[in-house]
Amino acid sequence: MADFQANSRPFAELDRAGRTRRLRRLAEAALTAYAVPVARLTPLAHGLNTSFRVDGADGRRYVLRVQRPDGPGVAQVRAELAWLATLGRETDLVVPRPVPTRARELATVVADPAVPEPRTCVLCHWVDGRFADERLGAPQLYAVGAFTARLHRHGARMNGLDRGRVDDLTEFGRTQVDGFSAAVVERAVASAGGDEAVREAVARVRAVRAELGYGADVFGLVHGDLRQDNYLFDRGRVRAIDFDDCGYGHYAYDLAVAGAALAHLPQREELREALVDGYRSVRPAAATTDPEVLAAFAGLRRVQLRLRRAL
């Protein structure tokens, strides 16, 4: 009786563990689309999406990501995977390598009666390495900066993919021609309880965007969420994961996100300086590293995170 009641409860009423159990069954169904012999499926830390480590009977490891229903649509997910596949072919940057389905698709859509809506699922090869965070040192951030610059150099050539802007304020903003329009800003201020600091942050970054322009030297496809949870190290080499938030934006946005995520560390200023130095080692003339530019985009990032929590 208890099992029946657990399975019949609405998905929205389940706790995280209950939802993960439902999504595990969906993940098992998704894996049948791939030519991967599965030995074990293990839930990973649950973020906005739900991911599982897949241990293959062939000794290889993979990550299966089950997309959140309010996230990027299947076309956008396939665009993300297309960039990852292109990075793997054209650079030596270590990023997740997509595994195509038997039908040679980069994503599969799966439905399960116990989950309210179909979910887009993707499978990638496992990326080895260790996360650092409190153990981060200047040489590591220098390497992250250089990695980011090389990623941007490649992103400058990736035009036309079905990915949105990384600097929009809210879902409403993403539906507007101008993501910083007066209507968008008014809604953002209201969502923040009337805090005019939101308006000031938007005005500042709007001015910076206008000054930078949109040339390939400052604007292109970027990761969108380069914080410590999304880069790791293997024998001193940087590896980046979780491109789910990738999209088009100013390169300074990526660099600002990486720098802002170091705020809780006592050595943050040293690390931020190393990050910028590493970036300049690859792109020495980049306006992206101007302190005022980075400060403006860091302010935008704080507003975005605040609005996400409020909505």
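**Exercise 1. Strand pairing in the sheet**

Which residue stands opposite F52 in strand 3? Determine also how the strands of this predicted model are arranged around that pair.

*Solution.*
Step 1. The residue opposite F52 is L64 of strand 3.
Step 2. This pair belongs to the neighbouring strands 2 and 3, which run antiparallel and are joined by six bridges.
Step 3. On its other side, strand 3 (residues 61–66) pairs with strand 5 over five bridges, again in the antiparallel sense. Within this pairing, V63 has C124 of strand 5 as its bridge partner.
Step 4. Strand 5 is also joined to strand 4 (residues 108–110) by three bridges, and these two strands run antiparallel. Here V109 stands opposite T120.
Step 5. The complete order is 1-2-3-5-4, an open sheet of five strands with antiparallel pairing. Strand 1 (38–43) and strand 4 each have a single partner strand, so one side of each has no neighbour in the sheet. On average, neighbouring strands are turned by 30° against each other, direction ignored.

**Exercise 2. The two sides of strand 5**

Establish which residues of strand 5 point one way and which the other way, and describe their burial.

*Solution.*
Step 1. Side chains in a regular strand alternate between the two faces of the sheet.
Step 2. In strand 5, R119, C121, L123 and H125 point one way, whereas T120, V122 and C124 point the other way.
Step 3. Strand 5 (residues 119–125) is mostly covered, with seven of its seven residues buried.
Step 4. Two helices lie across strand 5 among other strands. Helix 2 (residues 16–31) lies across strands 1, 2, 3, 4 and 5 and runs at about 150° to strand 1. Helix 3 lies across strands 3, 4 and 5 and runs at about 10° to strand 5.

**Exercise 3. Two individual residues**

Is S51 buried or exposed, and is T148 buried or exposed? Describe the surroundings of each residue.

*Solution.*
Step 1. S51 lies in strand 2 (residues 50–56). Its relative accessibility is 15%, so S51 counts as buried under the 20% cut-off.
Step 2. Not counting residues up to four places away in sequence, S51 touches T42, P43, L44, V63, L64 and R65.
Step 3. T148 is located in helix 4 (residues 138–155). With a relative accessible area of 1%, T148 is buried.
Step 4. The side chain of T148 reaches the backbone oxygen of V144 at 2.7 Å. Beyond its neighbours within four places in sequence, T148 is in contact with L226, D254, L255 and Y279.

**Exercise 4. Packing of helices 3 and 4**

Classify the relative orientation of helix 3 and helix 4, and identify the residues that make the contact.

*Solution.*
Step 1. The axes of helix 3 (residues 74–90) and helix 4 come within 11 Å and cross at roughly 105°.
Step 2. Angles of 65 to 115 degrees count as roughly perpendicular; the two helices are therefore assigned to that class.
Step 3. Helix 3 contributes W83, T86, L87 and E90 to the contact, and helix 4 contributes L151, H154 and G155.

**Exercise 5. Nonpolar cores**

Which residues touch the most other members of the largest nonpolar core?

*Solution.*
Step 1. The largest core has 69 residues, of which L136, L141, L169, Y231, F243 and F297 touch the most other members.
Step 2. Helix 10 (residues 291–310) supplies the largest share of this core, eight residues.
Step 3. L141 touches L136, Y231, L262, L271, A274 and L275, leaving aside residues up to four places away in sequence.
Step 4. A second, separate core comprises 20 residues, including L23, V99, V110 and V115.

Technical notes: Residues are numbered from 1 along each chain as its sequence is written. This is a predicted model: local features need pLDDT of at least 70, side-chain atom pairs count only at pLDDT 80 or more; totals for chains, interfaces and linings use all residues. Side-chain values use heavy atoms; hydrogens and water are left out. Buried means under 20% relative accessible area, exposed over 50%, partly exposed in between (1.4 Å probe, protein chains only). Helices (H or I, at least four residues) and strands (E, at least two) are DSSP runs, numbered from the N terminus. Two strands pair if DSSP finds at least two bridges between them. A nonpolar core is a set of buried Ala, Val, Leu, Ile, Met, Phe, Trp, Tyr and Cys residues joined through side-chain atoms within 4.5 Å. Contact means heavy atoms within 4.5 Å. A polar contact is a pair of N or O atoms within 3.5 Å; within protein, one must be able to donate a hydrogen and the other to accept it, and residues adjacent in sequence count only if both atoms are side-chain atoms. Axes are lines fitted to C-alpha atoms, for helices over the stretch in contact, and angles run from 0 to 180 degrees between N-to-C directions. Angles under 35 degrees count as roughly parallel, over 145 as roughly antiparallel, 65 to 115 as roughly perpendicular and the rest as oblique.
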